[in-house]
Amino acid sequence: MNTTDAKRVLETALICAQQPLPLREMGVLFNGALTADTLKLLLEDLQNDWSGRGVELVHVATGWRFQSRPQMREYLDRLHPEKPPRYTRATLETLAIIAYRQPVTRGDMEDIRGVTINSMILKQLEDRGWVEVIGHRETVGRPGLYATTRQFLDDLGLESLDQLPVMDTTAAQASMLDQIEFGMSAAVAGDEAAPGPAGLLVAELSDAADAGHSQDAPLTSLTATDPNA
């Protein structure tokens, strides 16, 4: 099979796939005749082929997929003008804490937020497939340690935690919230407790996202730990 035909096979499989395709599955298309390095070269060629279009080929946590470019969102939203329900500020805040300080216990999150976390918040995030318990801290009660999932990275269009924006600038904060809200499909009710320092950040960012991403405050309390720690 020549390069042109191989690229056509890959392109077709990726367009028809319901989920990102890992290299392992793409290799099955060719009965193992193509190495992983060859597949990567073909994928890079495909990326270049689609470089000037409204759709791009990207590598996310669980594999490769075609997706619309961010610039197309304005137009695609016109097909579904109704806005999807949004998570509460407390939920966004909790997700951000897990993403940047993982693995963390519920107690850790409450220390950062300064308020008690509604158990429904963690359940919603788990049901969404964005967070999971990956172990237990060896202390009294052996509390669960929460971390984000590969699905979380996929929904945000990221390949790894290293690509999370550094939360030290207004643009980065707004980008993070915008990516999270764009991937959401359900709302979480409740938890109207007064927010702590991290909650104030999310409140400001949520309003800013609606107003064109402005009026943000720096997130200092969530950047002390390496996202990959």
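Is R8 buried, exposed or partly exposed? R8 is partly exposed, with a relative accessible area of 45%. The notes below take this residue and others in turn. The model is predicted.

1. **Overall layout.** The chain has ten helices and four strands. Read along the sequence, the order is α-α-α-β-β-α-α-α-α-β-β-α-α-α. Of the 229 residues, 41% count as buried. Contacts between residues 24 or more positions apart make up 59% of those with a separation of 6 or more. The accessible surface comes to about 12,300 Å². Carbon and sulfur atoms hold 51% of that surface.

2. **The β1-β2 hairpin.** Strand β1 covers residues 55-60 and strand β2 covers residues 63-68. They pair in the antiparallel sense, over six bridges. Two residues sit between them, and the strands form a hairpin. One of the bridge pairs joins H59 to W64 of β2.

3. **The largest nonpolar core.** This core has 24 residues. The members that touch the most others are I98, M109, L125, V131, F152 and L164. Helices α5 (89-101), α6 (106-113), α7 (119-127) and α8 (150-155) each supply at least two core residues. The largest share, six residues, comes from α5.

4. **I98 and a separate core.** Leave aside the neighbours of I98 within four places in sequence. I98 is then in contact with V104, M109, L122, L125, V131, Y146, A147 and T148. Two of these names, M109 and L125, also appear among the core members that touch the most others. Another core lies apart from the largest one and has 15 residues. Among them are A6, A13, L42 and W64. W64 is also the bridge partner of H59 in the hairpin.

5. **R69, a buried arginine.** R69 lies in the loop between β2 and α4. Its relative accessible area is 18%, so R69 counts as buried; the cut-off is under 20%. Beyond residues up to four places away in sequence, R69 touches W50, S51, R53, G54, V55 and E56. V55 and E56 fall within strand β1, residues 55-60.

6. **Salt bridges within one stretch.** The structure holds eleven salt bridges. One of them joins the side chains of D5 and R8, at 2.8 Å from N to O. Both residues are in helix α1 (residues 3-16). They are three residues apart, so about one helical turn separates them. D5 is partly exposed at 31% relative accessible area. R8 is partly exposed too, at 45%. A further salt bridge links the side chains of E74 and R78, at 3.3 Å from N to O. E74 is partly exposed, with a relative accessible area of 47%. R78 counts as exposed at 56% relative accessibility.

7. **A salt bridge across the sequence.** R128 forms a salt bridge with D155, with the closest N and O atoms 2.9 Å apart. R128 lies in the loop between α7 and β3 (131-136), and D155 lies in helix α8, so the pair ties together parts 27 residues apart in sequence. D155 counts as partly exposed, at 21% relative accessibility. Helix α8 also supplies at least two residues of the largest nonpolar core.

8. **A nonpolar surface patch.** M72, Y75, L76 and L79 form a nonpolar patch on the surface. Together they have about 390 Å² of accessible area. L76 is found in helix α4 (residues 73-76). At 40% relative accessibility, L76 counts as partly exposed.

9. **Backbone points to check by eye.** The peptide bond from Q102 to P103 is cis, with omega near -5 degrees. P103 is found in the loop between α5 and α6. Two residues other than glycine have positive phi: N31 near 55 degrees, and R142 near 40 degrees. N31 lies in the loop between α2 (23-28) and α3 (36-49). N31 counts as exposed, at 76% relative accessibility. R142 lies in the loop between β3 and β4 (144-148). R142 counts as partly exposed, at 43%.

Methods. Residues numbered from 1 in each chain as written. Predicted model: local features only at pLDDT ≥ 70, side-chain atom pairs only at ≥ 80, totals over all residues. Heavy atoms only, no water. Pairing = 2+ DSSP bridges. Core = buried A, V, L, I, M, F, W, Y, C linked by side-chain atoms within 4.5 Å. Buried < 20%, exposed > 50% of the residue type's maximum accessible area, 1.4 Å probe, protein only. Contact = heavy atoms within 4.5 Å. Areas by Shrake-Rupley, 256 points an atom, 1.4 Å probe, with all protein chains shown as cover. Patch = residues over 30% accessible without salt bridge, like charges linked within 9 Å, V, L, I, M, F, W, Y side chains within 5 Å. Salt bridge = Lys/Arg side-chain N within 4 Å of Asp/Glu carboxyl O.
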